[in-house]
Structure formats: C-alpha cells, structure tokens
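Here are some worked exercises to try with the sequence and the model side by side. Have a go at each task before you read its solution.

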Number of protein chains: 2
Amino acid sequence: MKELNKQSIEDIALGAALLGTGGGGDPYVGKLMALQAVENYGPVKVVDVESIPDDALIVLTAMMGAPTVLVEKIANGGEFKRAFEAMEKYLGKKIYATMPIEAGGVNSMIPLAVAAQMGIPIVDGDGMGRAFPELQMVTYHLHGITSGPMVVTDEKGNVSILETINNKWSENIARAMTVAQGGSVMICIYPMTGKQVKDCAIRDIMSYSEKIGASIRESTKKDIPPIKQLLDEIDGYELFKGKIVDVLRETKSGFNFGTVKLEGIEKYKEKNCEVNFQNENLVAKINQEVIATTPDLICMVDTDNISPITTDALKYGRRVVVIGLKCNDMWRTEKGLETVGPKYFHYDIDYVPIEKRIKEASNV
Amino acid sequence: MKELNKQSIEDIALGAALLGTGGGGDPYVGKLMALQAVENYGPVKVVDVESIPDDALIVLTAMMGAPTVLVEKIANGGEFKRAFEAMEKYLGKKIYATMPIEAGGVNSMIPLAVAAQMGIPIVDGDGMGRAFPELQMVTYHLHGITSGPMVVTDEKGNVSILETINNKWSENIARAMTVAQGGSVMICIYPMTGKQVKDCAIRDIMSYSEKIGASIRESTKKDIPPIKQLLDEIDGYELFKGKIVDVLRETKSGFNFGTVKLEGIEKYKEKNCEVNFQNENLVAKINQEVIATTPDLICMVDTDNISPITTDALKYGRRVVVIGLKCNDMWRTEKGLETVGPKYFHYDIDYVPIEKRIKEASNV
C-alpha cells in the first residue's frame, strides 16, 4: 500500500492522458477534481491487485459521455456519494475499494477523487490498459463478468440502477440516459469480488501512468531528445510528425466522433497522416495506408514538450508526434478483437498487430 | 369487490379506447393480452379505491412508448414478473394491488393482465381520467407524489430502477431508455400507499369505461341514433363529422406526433376540421378556429358503429365523428394546466373550458 502525494497525482494524470489515446477527457479538469478531493478529504491509499481480499467488493467509478461536455458540466461531488449509497443498499454490502475503468484523462482521476471522498483505497489496476469509448470494452467483459448492477447518477441528483441482460445493453441504455441527462453522467459499474479482479484486471496501470508522467515531466532536463526518451520508456513507435491542417469533429449519440489531418514535417515532409477517433483514436493512416488500428494505442503528443494531446484539444496549426503502442495481449484474442477491433467500429480493416504493420509499411 | 368476466374486459377495452382520446395504443392488442392472461391465470378482482387498506402498497403498471411500436413488439409476459420482483425487493414490501395510470387502449388492459398474472386485485381508479402522453401527467403529480422508485423492463429482460429528483426527469430519462430499448418498455411506477391513492386517484375509471363500452356495443340495437346515445351517456359534445382527407404522422423521440385533416359531411359540409396529436389528441380546430384543447377530451369515433378510433388507425377516407368531453376538474387548476394545458405542448393557445368554447364558437 502506498499513499499518493500531489506530485504522484500530477504524474498519473499526465501519463494516463498518453495511454488515453486522445480520449478520457481533459486531464486538467480531472486532475483538479482529484487534487481538490485530496485537499478536502486527505491522501489516497493505493493497493495492489494481489493484496485485495478475495471476498471484498470492488466497484469501478467513471464519467460516461462526450469528454467535451465535462469541461462545461463539472461534477458537484454528490454523485458518487449517492451512487455508493445506492450500490451498497442494493447489494447489501460495503464497498471495499474503487478502481479505474480505463487509463485516460478524467477517468484516471475520478476514482482517485472518489477514493479520497469515500475514505477507501484505490486498486492499482484497470480494465483496458488504455481508454476505449464503450462500457463493455473491458477485460472483465472478456471474462464473462456482468456490468450490473450499475448505478448512473448526475449532478442534479437523479439515481438509476441498471441490471441488463448483457454488457452491450448496459452501454446502449446508459448511453441514451447520458444524452437525456445532459451529455455526461457519473457511473459506478462492474461490482466485483477481489477474486474476480485478480482473475482479469490489467495490473499496475496507475504505477505505469505515474512512471510515464514523471518521464514526460523530466524529459526536457536530459540530453536525449524528449520524444526518444518517451519512446524508450513505453517501448513505442514514432508513426508520424506533422502539423494539424484539419480537424473534423461531431458530438453525436453521446460520443465525440472525428478525424484529424496532418501534413508531415522534417523527415515526414511530403507525407500526410489521418487519424480517426470516437472519443479515442482508432485508426491512423499515412498517405492513406493504414499504419495502426485499435486495439493498439494511437497517441499524439506535442512536438515541443511531448505532453499528450486529447482529441478535444486538437487545433489547426498544432505540431504533434503520432505514437503507436502495443495493446495488452487480452485484446488480441478473438473475443478481444470482436469487442474492440477495427470491425467493431465499422472500419473495413483487418486487425494486424502494430509491430507487424510497422515492419511491412512503406510509409514509415 | 367484483370479478371481471370476458364481456366486462371487452367493454372496458372499448370504453377506455374512447377515453384514451386517440392514444394508449391499439385496444385490440391490449384486449388480447388481458383476455389471454385471464385465460391462463384466472379471473381478476376489482377493488374500489375506498376499500384499499391505508398502508397497502399500490403500483401503477403501463406500457411506455409509441403506441405504433407495440403492435409489432408484443410483451412476452416476463416483464412485470421481473418488475414486481425488482420493486418488492427494492422497497422490502409486497405489492397489494395494481392500478392503471390512464384510460386508453393498451394501458387500460395491461394492469388487468398484470393483476391476473400476479394474482392481485386491480384498483378501480386511475391518474388521468383519460390518456396523456407523459409520465408526470397524473393527478398524483399534482398532489406532490413522486414517480420513483420506478422500474423499467423490456421483453429482452433488462431491468432498471429509477429514483429521480422530480417526475419530469423520470419522464425524460425513461423516454430516452424507451427509444434505446426498441420504442416501447413496460413500467411499474408511482408506488403509493392506499392512503395516497385515496387522496388523489380519479375514481371508478374501469366501471365508467365498462359502462361506455357496453353502451357502444348495444348502440345499434336501439331506435335512437348510436352517436346520440353515446353523447347522452358521456355528457359529450359532437364537434364535427367528416371524412379523413389527410394524415401526417411522425414517430419521434418515442412519441407519435401528427395531424389529421377532415372534410365535413352532412351538416358540416363546406367546413373542415384539423386535430393535432402527440400520442393523444390535443387540439381540435374547425375552419382554423380552436374548438377544444387538452386537457379536455377530444375523441374520434366511426360514423357507422361509433367505435373509438386511435391515432394509429387514422386512415384516408374513413368517416368519423369528433367528440369533445369535459376533463376532470383537477386538470383545470393552475398546476393541472401547467402540467397538461395547451402551452405545455407548445401550442400558443390559452385554455378555455370546452363548454365555454362551444357556447362561443361560430363554427359548431
């Protein structure tokens, strides 16, 4: 068990924003929520997956909705108090700890704020090892764990409990509620025993995010180029370097959909790159040739300070490096690819592991 | 207490279809559901509002959604079993009886089917004295009773419990769920004590529906013109008689919206009539002059057999009589008109009681 200080929270926010592959909402808003909660309620204890008692009740806490909305519709703190009361009353059991559903801006920070507020530990794990846009896109789903009972709350005080026939129905129903409730809601989901968490959680996401964040923060202090340090740290691939020349964006059905177009600079001059996203970056192409797809990670960082750029911060003229990163092996299974592969998102593209695409690509 | 026979159910379906003012769904589908449930589970007992124990738990049961959808998406019978289990577990109390939320095709029959299936009585009352399209449009709402906990179920097996901050939020959230769940859901709503039901239910809706239904059924056997018999029975006004020349219809946001246009026949020749609806008929105009508005009842019946016509059965060429009927006095209060008056439905029309409009009208 370790206690998180403010520097740790800053670093986790920074590192998770990279793993969030463009989604997960503005890490700055999330960070403020977490820091404020720690200020108000005291430090947060982090526990390893392996140290959770087998029969303890663990719940994931997160924001659901279009990340662009949260910037203007801030949580008021009562959401999770009400959600926990509803969940504990419904299950007749106390919640032992919370855990992030994903790595990404707001959704890496919300469980920290919840842990501080509710006086419970946070588990050092998650269900994606990155960020994805839908509720069933978690390793728990691959292991047959149900998302319900799931609690949906909002800043107004509405509380709903969902018990659905499968996790995709939780996504469909809760997404419709999200839109009706103003574009974002807070959720308390996938109640699990400690044993179940041990069976299928992705380990150490917070420690890993913190390490990445610290590396980004320290990167300008060394002689090695920052981007090289980062790629070494995360074992990643530089896919492209360019200037944003177009951003197409649409908030639809509770998601941010869009495409960003880049013109190459330096050694990528004369080339162009296009990245498609649904909250998260899903497909990257160079000169119209696919170079990386979901579930592998496609991240963008600023060329100067290598700070991660979320899809809602994409702007004309900004210079970015596009980075590729291998996903967790659980996503490369048949059920994993059915759940989060390019075809699920309606792209007519076969999944090819990023390391193989890079080796075969003509454009990198 | 009385037991309903098949004839009673047929008559209630017929009479409630008239009071449903065009909404409430196809009475034929509802009637089949009720008759089948009685066939399977035995007869239904009806209890008066005054005879309910003060501390008994009463819940309203209904279909929510666009009536046109239900014709193709029949309930499978498991919906209310699951809804009752969820409600009773959540409240820790057995349900004593069910009650209709409104008078209208399907929603007059569903509580009968539920009562038969669950082996409980049905209360001879409702919350509208007619049909309305939204959940907060009940006399309970006028008396400050909350719709939650409300259970939403579907034929697939999804179950949700909603506790909202007010009844309009129940409507908004459940309506979004309705659309996500295929256009119609089954609901179990406004759990009340017997005392609360006595305080604000509209009495005797089923007895009244049955009386109207029997009158319609018998109407061709007497010497008096059927429409005159019906108008005498319900103390109603004949507003127009005409042929349907146009039906505009749209299923949107979980509702059926539309307008029907009529060309006058017999003494209404040279005149035209237009009726606007949102599930239920809301505004009637003759030669563009408003002759009746919600919350007063605007009903249409076939010219030949005076059987009520729901909005989903409106067809070019059909000959109909448009009938007006005074609403319950609770709807004529300030809060009543705020909740269901023409302005709530975005019509720029002041409410004037139908009897006053008739007296002043130039076109009737």
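**Exercise 1. A helix in chain B**

Work out how the span of helix H9 (residues 205-218) of chain B compares with the span expected at 1.5 Å a residue.

*Solution.* Please keep in mind that this is a predicted model. Start with the length: H9(B) has 14 residues. The expected span is 1.5 Å times one less than the number of residues. That gives 20 Å, and the helix reaches 20 Å from its first C-alpha to its last, close to expectation.

Next, list the buried residues of H9(B), counting a residue as buried if 20 or more other C-beta atoms lie within 10 Å of its own. They are Ile205(B), Met206(B), Tyr208(B), Ser209(B), Glu210(B), Ile212(B), Gly213(B), Ser215(B) and Ile216(B).

**Exercise 2. The contact between the chains**

Find which elements of chain A supply at least two residues each to the side that touches chain B.

*Solution.* First take the totals: 18 residues of chain A and 18 residues of chain B form the contact. On the chain A side, strand S8 (159-163) and helix H7 (167-180) each supply at least two residues. H7(A) gives the most, with seven residues. Sorted by class, this side of chain A has ten nonpolar, six polar and two charged residues.

Now look at the strands. S8(A) is joined by five bridges to strand S8 (residues 159-163) of chain B, and the two run antiparallel. To follow one pairing, begin at Glu163(A): its bridge partner in S8(B) is Val159(B).

**Exercise 3. The build of chain A**

Decide how the radius of gyration of chain A compares with the globule rule for 364 residues.

*Solution.* Begin with the inventory: chain A has twelve helices and 17 strands. Its radius of gyration is 19 Å, close to the 21 Å from the globule rule, so chain A is as compact as a globular protein of that length. The C-alpha trace spans about 60 × 45 × 35 Å along its principal axes.

Then turn to the packing. Of the 364 residues in chain A, 57% are buried. Among contacts in chain A with a separation of 6 or more, 75% come from residues 24 or more positions apart.

Finally, go to the largest nonpolar core, which has 232 residues; Ile187(A), Val322(A), Ile187(B) and Val322(B) touch the most other members. Leaving aside residues up to four places away in sequence, Val322(A) touches Leu239(A), Phe240(A), Cys273(A), Val275(A), Ala284(A), Ile298(A) and Met300(A).

**Exercise 4. Backbone details**

Locate the cis peptide bond that ends at Pro149(A), and then the one that ends at Pro149(B).

*Solution.* In chain A, the cis bond joins Gly148(A) and Pro149(A), with omega about -10 degrees. Pro149(A) sits in the loop between helix H6 (139-142) and strand S7 (150-153) of chain A. In chain B, the bond from Gly148(B) to Pro149(B) is cis, with omega near -10 degrees. Pro149(B) is in the loop between helix H6 (139-142) and strand S7 (150-153) of chain B.

**Exercise 5. Positive phi, buried or exposed?**

Classify Asn279(A) and Gln288(B) as buried or exposed.

*Solution.* Asn279(A) is not a glycine, yet its phi is positive, about 60 degrees. Its place is the loop between strand S13 (272-278) and strand S14 (280-286) of chain A. Asn279(A) has 28 C-beta neighbours inside 10 Å, so it counts as buried.

Gln288(B) also has a positive phi, near 70 degrees, and lies in the loop between strand S14 (280-286) and strand S15 (289-293) of chain B. Gln288(B) has 9 C-beta neighbours inside 10 Å, so it counts as exposed.

Methods:
Residues are numbered from 1 along each chain as its sequence is written. Chains are lettered from A and ligands numbered from 1 in the order in which they are written. This is a predicted model: local features need pLDDT of at least 70, side-chain atom pairs count only at pLDDT 80 or more; totals for chains, interfaces and linings use all residues. Two residues are in contact if their C-beta atoms, placed from the backbone, lie within 7 Å. Helices (H or I, at least four residues) and strands (E, at least two) are DSSP runs, numbered from the N terminus. Ala, Val, Leu, Ile, Met, Phe, Trp, Tyr, Cys and Pro count as nonpolar, Asp, Glu, Lys and Arg as charged, and the others, Gly among them, as polar. Two strands pair if DSSP finds at least two bridges between them. A residue is buried if 20 or more other C-beta atoms lie within 10 Å of its own, exposed if 12 or fewer, and partly exposed in between; C-beta atoms are placed from the backbone. The radius of gyration is taken over C-alpha atoms; the globule rule is 2.2 Å times the number of residues to the power 0.38. A nonpolar core is a set of buried Ala, Val, Leu, Ile, Met, Phe, Trp, Tyr and Cys residues joined through C-beta atoms within 7 Å.
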